[in-house]
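Thank you all for making the time this morning. I would like to walk you through one model, element by element, and I will ask you to keep the structure in view while I talk.

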Amino acid sequence: MESELKDLNPKSTAPQPQPPDPIDDGSAKDDRPLLKSDSSSSAYTAPPLVSAATIDELEKKYAAYVRRDVYGTMGRGELPWTEKVLLAIASVTLVPIRVAVGMVIIVLYYLICRVCTLFSAPNREEEQEDYAHMGGWRRAVMVQVGKFLSRVMLFVLGFYWINETYRDPDVDGKLNSEAESKDQCEAPGRSGVIIGNHVSYVDILYQMSSSFPSFVAKRSVARLPLVGLISKCLGCVYVQRESKSSDFKGVSGIITERIKEAHQNKSAPIMMLFPEGTTTNGDFILPFKTGAFLSKAPVLPVILRYPYQRFSPAWDSISGVRHVIFLLCQFVNYLEVTWLPVYYPSQQEKDDPKLYADNVRRLMAREGNLILSDIGLAEKRIYHAALNGFFCQQ
């Protein structure tokens, strides 16, 4: 699921002096829906020769993706001997235990999902299929057990304590200062979608333990062993990344309908979307795609931070395998979550999804002390290509 959430919107905007998808002159803004494809971004590659000075310049330009932990750029920095010793100890003690327990948890939940879905046909629509619309005890078991095992998995990964803060909509008058000037006549109720800043694949695991929402995933995920059935029980919306734009338009419509359904029906599965379209180092927030805001339904913003001392859990500029290994080797990981009140759009925001998305983004930036950045996935790919070119020369 994570790779799809990262790559759904490969086109983005030009960078500001630093750092939720061809580079322009810096004046353009990206207001396209979350699920719009763009095949042109993959054509951009870094120069074949990259110097250390160039890397320094790139880090200033693409600050949203720069790793600043002990492990350095792309997790390939020179480690102190103390860190090497800790890695060696963890690799023969923590890692085997965590991998084994993690696999047991996945298999256990798969078996529970298999039992709960026996003799039941999945809900099918627009080439989608899910078990999230099931009712009764089957759905209750899948959700409650899924939440519990997801939290156990977080514990196994070293997230022993999660600091959660729920903001009062009237605290200091800050959160409602903008809303008071809007014409908000909608009665309070359930949001249709959870909106989060995207820092790591751990974001998904936390949301499963908290709300057990539906995500967007590659269509191939539905055919994977174990994970495929679990994704259907989550009610994931599948998208074919290589397909034509008409497929993306159809999926975007499905998501919009899912959001409306979740807003109107408390028993319907809620959606979880990362409108930035890719992950950052956790200090920045990228421009939002408008797909999550097309339904005009209220949204529930959530801000995730991963404090660290040695290894950062952020998935910014490091390979997946290297990141997983280092994460498993870290004895303790930290996660701080801030839940903001449900955001009800004004009529002006309902008529302008771009304005709606931008206002929610600015609210999250202010409340989470995040830095606004105007770059996206296309620039991230350029930065990664440059880093790969640099390390290949070493």
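What follows is a tour of the sheet, then the cores, and then the helix packing.

Before anything else, please bear in mind that this is a predicted model, and that the values I quote are computed from it.

Let me begin with the sheet, where five strands are arranged in the order S3-S10-S9-S4-S7, forming an open sheet with mixed pairing. At the edges are strand S3, residues 162–166, and strand S7, residues 271–273, each of which pairs on one side only. From one strand to the next, the twist averages 20 degrees.

Starting from the S3 edge, S3 and strand S10, residues 335–339, run parallel and are joined by five bridges, and within that part of the sheet Tyr166 stands opposite Trp339 in S10. S10 then pairs with S9 in the antiparallel sense, over four bridges, and here Val302 is the residue that stands opposite Trp339.

Moving on to S4, this strand runs parallel to S9, with four bridges between the two; Val193 has Val299 in S9 as its bridge partner, and Gly196 stands opposite Val302 in S9. On the way to the other edge, S4 is joined to S7 by three bridges, again with the strands running parallel, and Ile195 stands opposite Leu273 in S7.

How well are these inner strands covered? In S4, both faces are covered, since Val193 and Ile195 on one side are buried, as are Ile194 and Gly196 on the other. S9 is mostly covered, with six of its seven residues buried.

Now to what packs on this sheet. Helix H6 touches S3, S4, S7, S9 and S10, and its direction makes about 55 degrees with that of S10. One residue worth looking at here is Tyr206, which, leaving aside neighbours within four places in sequence, is in contact with Leu154, Ile162, Glu164, Leu304, Leu335, Val337 and Trp339.

That residue brings me to the nonpolar cores. The largest of them has 60 residues, and the members that touch the most other members are Tyr206, Phe215, Leu335 and Val337. Two or more residues each come from H3, H4, H5, H6, H7, S9, H9 and S10, and H4 gives the most, with eight residues.

Apart from that core lies another, of 27 residues, among them Leu273, Phe293, Tyr356 and Leu363. Leu363 has its place in helix H11, residues 353–368. Is Leu363 buried or exposed? Its relative accessibility is 5%, and it therefore counts as buried, the cut-off for that term being under 20%. The C-alpha atom of Leu363 is separated by 9.6 Å from that of Tyr343, although the two residues are 20 apart along the chain.

Let me turn to H4 and the helices around it. The UniProt entry, which is unreviewed, carries the annotation "transmembrane region" over residues 85–112. In the model, that stretch is 96% helix and 0% strand, with its end C-alpha atoms 40 Å apart.

How do H4 and H5 lie relative to each other? Their axes come within 10 Å and cross at roughly 175 degrees, which makes H4 roughly antiparallel to H5. The contact between them involves many residues, including Arg98, Val101, Ile105, Tyr109 and Ile112 in H4, and Trp137, Val141, Val145, Leu149 and Val156 in H5.

With H9, the geometry of H4 can be described in the same terms: the two helices pack at an angle of about 105 degrees, with their axes 8 Å apart, and they are therefore roughly perpendicular to each other. At this contact, Leu94, Val95, Arg98 and Val99 in H4 meet Leu327, Leu328 and Cys329 in H9.

Finally, within H9 itself, residues 320–329, the buried residues are His323, Phe326, Leu327, Leu328 and Cys329, and what covers them includes helix H3, residues 81–92, helix H4, residues 94–116, and helix H6, residues 202–210.

I will stop there, and I am happy to return to any of these regions in the discussion.

Note on methods. Residues are numbered from 1 along each chain as its sequence is written. This is a predicted model: local features need pLDDT of at least 70, side-chain atom pairs count only at pLDDT 80 or more; totals for chains, interfaces and linings use all residues. Side-chain values use heavy atoms; hydrogens and water are left out. Buried means under 20% relative accessible area, exposed over 50%, partly exposed in between (1.4 Å probe, protein chains only). Contact means heavy atoms within 4.5 Å. Two strands pair if DSSP finds at least two bridges between them. Axes are lines fitted to C-alpha atoms, for helices over the stretch in contact, and angles run from 0 to 180 degrees between N-to-C directions. A nonpolar core is a set of buried Ala, Val, Leu, Ile, Met, Phe, Trp, Tyr and Cys residues joined through side-chain atoms within 4.5 Å. UniProt positions are given in the numbering used here, feature names are shortened, and annotations may be inferred rather than shown by experiment. Angles under 35 degrees count as roughly parallel, over 145 as roughly antiparallel, 65 to 115 as roughly perpendicular and the rest as oblique.
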